[in-house]
Amino acid sequence: MCGGFGFWNCGLPPNASINSCSPAEWGNISNRSLAKSVCGKEEWKELKLIIAIASSKKKDVSSTNGMRRTRETSKLFEHRWKNIVPERVEKLIHSIKTHDWQALTTIAIQDSNNMHAVCLD
């Protein structure tokens, strides 16, 4: 997928919901995961995203290992995944499809703050 916005489907079996998939099962679903386009790069031409690399130095803890630790130790993690993420994803997709910058940025900041709280837990 090149350009635009995508939504990652973590590869749940048919008839399963994200709420029925425990974090412990995530390693077993990666072979079915895929991304789908939400909005192509031509659909919101005014929006530009910039990724800045602050350091080329290897991190002490990789993102994968950091999230594994969070999943194993945070009491907030499962609550976030089951109760907060699904609604926010729906709102984010809607804000992208309707080009609602205010909603997109508000939800993104709220979610970033929530994710960091989980990582600190």
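**Exercise 1. Work out whether Arg88 is buried or exposed, and what surrounds Arg88.**

Solution. Start with the number: Arg88 has a relative accessibility of 18%, so Arg88 counts as buried. The cut-offs are under 20% relative accessible area for buried, over 50% for exposed, and partly exposed in between, using a 1.4 Å probe and protein chains only. Before going on, keep in mind that this is a predicted model, where local features need pLDDT of at least 70, side-chain atom pairs count only at pLDDT 80 or more, and totals for chains, interfaces and linings use all residues. Residues are numbered from 1 along each chain as its sequence is written, and side-chain values use heavy atoms, with hydrogens and water left out.

Next, place the residue: Arg88 sits in helix H2. Helices (H or I, at least four residues) and strands (E, at least two) are DSSP runs, numbered from the N terminus. Finally, list the neighbours. Contact means heavy atoms within 4.5 Å. Skipping residues up to four places away in sequence, Arg88 touches Arg80, Ile107, Gln110, Asp111 and Asn114.

**Exercise 2. Which residues does Arg80 contact, leaving aside its neighbours within four places in sequence?**

Solution. Arg80 is also part of H2, and at 11% relative accessibility it counts as buried. Its contacts, again without those close sequence neighbours, are Val85, Pro86, Arg88, Asp111, Asn114, Met115 and Val118.

**Exercise 3. Describe how helices H2 and H3 pack.**

Solution. Two packed helices are described by the angle between their axes and the distance between the axes. Here, H2 covers residues 77-97 and H3 covers residues 101-120; their axes come within 10 Å and cross at roughly 165°. The axes are lines fitted to C-alpha atoms, for helices over the stretch in contact, and angles run from 0 to 180 degrees between N-to-C directions.

Now put a word to the angle. H2 and H3 are therefore roughly antiparallel to each other, a label used for angles over 145 degrees (under 35 is roughly parallel, 65 to 115 roughly perpendicular, and the rest oblique).

Then look at who meets whom. On the H2 side you'll find residues including Phe77, Ile84, Leu92 and Ile96, and on the H3 side residues including Leu104, Ile107, Met115 and Val118. Sorted by class, this contact has 10 nonpolar, 3 polar and 4 charged residues. Ala, Val, Leu, Ile, Met, Phe, Trp, Tyr, Cys and Pro count as nonpolar, Asp, Glu, Lys and Arg as charged, and the others, Gly among them, as polar.

**Exercise 4. What stands out about the phi of His99?**

Solution. First, the general picture: most residues other than glycine have a negative phi. The phi of His99, though, is near 55°, a positive value in a residue other than glycine. His99 lies in the loop between H2 and H3 and is partly exposed, at 32% relative accessible area.

**Exercise 5. Find out what Val38 and Leu34 touch.**

Solution. Take Val38 to begin with. Val38 belongs to strand S2 (residues 34-39) and, at 14% relative accessibility, counts as buried. Not counting residues up to four places away, Val38 touches Phe5, Gly6, Phe7, Ile93, Ile96 and Lys97. C-alpha to C-alpha, Val38 and Ile96 are 7.7 Å apart in space, yet 58 residues apart in sequence.

Leu34 is in S2 as well, but is partly exposed, with a relative accessible area of 39%. Apart from neighbours within four places, Leu34 is in contact with Phe7, Trp8 and Asn9.
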